[in-house]
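Colleague: I am new to reading protein models. Could you walk me through one, feature by feature?

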Amino acid sequence: MVTQGNHEVETIPIIFPHPFKAYNARWPMPYLQSASTSNLYYSFEIAGSHVIMLGSYTDFDSDSDQFKWLAADLAGIDRVKTPWVFALVHAPWYNTNLAHRGEGESMRKALEELLYKARVDVVFAGHVHAYERFTRIYDNKAESCGPMYVTIGDGGNREGLALAFENPASPLSLFREASFGHGRLNVVNETHAHWSWHRNNDLDSVEADHLWFQSLSTTTNCCHQNSQSPSSSTTHNDEL
C-alpha cells in the first residue's frame, strides 16, 4: 500500500501536462473502497488499525476534495473496531534536517487540526533521506494528545543521505540520525504498540531507536477530553 512522492509527479510543460500518469497506471490503490475520488489519497483498515494515506502533491486546502474526504473519513472511524489510527504523508510536517525544510508546512497548516481532533496516533513521513522521531505534537508544541511524528525517509536512494541537521536540536525532536535504515511497527493489542528503527548496515539486528506507546483512544485524558483545546500535560519520555 503506497502513497505518492515528489518523484511521481512527473510533469513536463506541453509534453506531459497532467501529473501522476505513470503512478496512477502502475500503482492503483483501493481508493474507491474508502469513498475517495482520487488514487492519491485513501484509507484502509488492517490489524485493528485505520491507515490514512495522504497526498502531499495534490490539493489539500480547506476547499479541496482531499480536505473534505479526510474530514469525512476521520469522522467515520470506529475507535472500538480500530483503536489505532495512523497517517502517512510524503513531505514531513516537522523536520529539523536541513534538507527539504518547510516543504510540508502548508499541508500541516491545512490538515493538522483535523488529525489532532481525531486523535491520530502517529504520522509517518518520508522525503528527507534520514531518520527522525518527534514527541507528540500539535501546532509546534509538545502535546500529549497529539500525534507522534516520525520521518522514515532513509530506505535508500541514489541521491544519498541528508546528513545535516539544525543545531541545537529542537526539544521536540527525540532521536535523529542520517543512516540508511528501516522501521518496524508492531501493533500488539488495542492499547499498546511498539516502534523500532534499525540501521541497515548493522551486522546484528539492533534496535537503534525504539519505544512503546499507547493508543490515544485508550488514553484517559485524551479519549475523554474536549478535543477542541490542547491538553495541559505534555511528555518527552521514551514511552508515550
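Colleague: Let me start with a ring. Which residue lies over the face of Tyr116?

Modeller: Arg119 does. Its distance from the ring centre is 4.8 Å. Keep in mind that this is a predicted model.

Colleague: How confident is the predictor, then? What is the mean pLDDT of the protein?

Modeller: The mean is 93. A pLDDT of 70 or more is reached by 93% of the residues. One stretch needs care: over residues 232-237 the pLDDT is below 50. In the model, that stretch has 14 contacts beyond near neighbours in sequence.

Colleague: Back to rings. How many aromatic pairs are there?

Modeller: Ring pairs are judged by distance and by the angle between planes. The count here comes to 14 aromatic pairs. Take Phe20 and Tyr23. Their centres are 6.2 Å apart, with 65 degrees between the planes. Planes over 60 degrees apart count as edge-to-face, and this pair is edge-to-face. Phe20 and Tyr23 are also buried.

Colleague: What about Tyr94 and Phe134: what kind of pair do they form?

Modeller: A tilted one. The figures are 6.3 Å centre to centre and 55 degrees between the planes. This pair links distant parts of the chain, 40 residues apart. Tyr94 sits in the loop between strand S3 and helix H3, while Phe134 belongs to strand S5. Both residues are buried.

Colleague: Which residues form one aromatic cluster?

Modeller: Trp84, Phe86, Phe124, Trp195 and Phe213 do.

Colleague: Now sheets. What holds the strands of a sheet together?

Modeller: Strands pair through backbone hydrogen bonds, either parallel or antiparallel. Here is a case. Three strands form an open sheet in the order S9-S10-S11, and the pairing is antiparallel.

Colleague: Why is one side of S9 and of S11 left without a neighbour in the sheet?

Modeller: Strand S9 (181-187) and strand S11 (209-214) stand at the edges, so each has a single partner strand and one side without a neighbour in the sheet. Neighbouring strands of this sheet are turned against each other by 15 degrees on average, with direction ignored.

Colleague: How many bridges join S10 to S11?

Modeller: Six. Strand S10 spans residues 192-199 and runs antiparallel to S11. To trace the pairing, find Ala193: Phe213 in S11 stands opposite. You met Phe213 in the aromatic cluster.

Colleague: Let me try S5. Is this strand mostly covered or exposed?

Modeller: Mostly covered: eight of its eight residues are buried. Now look at the partners of S5. Strand S7 (residues 148-152) pairs with S5 in the antiparallel sense over four bridges. Strand S8 (residues 173-177) is also joined to S5 by four bridges, and these two run antiparallel.

Colleague: Which residues stand opposite Glu132?

Modeller: Thr151 in S7 is one. Arg176 in S8 is another. Further along S5, Arg136 has Met148 in S7 as bridge partner.

Colleague: Where is there a hairpin?

Modeller: S5 and S6 form one, with two residues between them. In the turn, Asp139 has a positive phi of about 55 degrees. S5 and strand S6 (residues 141-142) pair in the antiparallel sense over two bridges. Ile137 has Ala142 in S6 as bridge partner.

Colleague: Which strand pairs with S7 in the parallel sense?

Modeller: Strand S4 (residues 122-125) does, over four bridges. Val123 stands opposite Tyr149 in S7. Four of the five residues of S7 are buried.

Colleague: Last topic: single residues. Why does Leu163 count as exposed?

Modeller: The general idea is a cut-off: exposed means over 50% relative accessible area. Leu163 counts as exposed because its relative accessibility is 63%. You will find Leu163 in the loop between S7 and S8.

Colleague: And Gln66: buried or exposed?

Modeller: Buried, because its relative accessibility is 1%, and buried means under 20%. Gln66 lies in helix H2 (residues 65-75).

Colleague: Which residues is Gln66 in contact with, leaving aside neighbours within four places in sequence?

Modeller: Tyr41, Leu54, Gly55, Thr58, Asp59, Phe60 and Met107. Find Gln66 in the model and trace each contact in turn.

Key:
Residues numbered from 1 in each chain as written. Predicted model: local features only at pLDDT ≥ 70, side-chain atom pairs only at ≥ 80, totals over all residues. Heavy atoms only, no water. Phe/Tyr/Trp six-rings, centres within 6.5 Å; stacked < 30°, edge-to-face > 60°. Buried < 20%, exposed > 50% of the residue type's maximum accessible area, 1.4 Å probe, protein only. Lys NZ or Arg CZ within 6 Å of the ring centre and 35° of its normal. Pairing = 2+ DSSP bridges. Axes fitted to C-alpha atoms, helices over the stretch in contact; angles between N-to-C directions. pLDDT = per-residue confidence, 0-100. Contact = heavy atoms within 4.5 Å.
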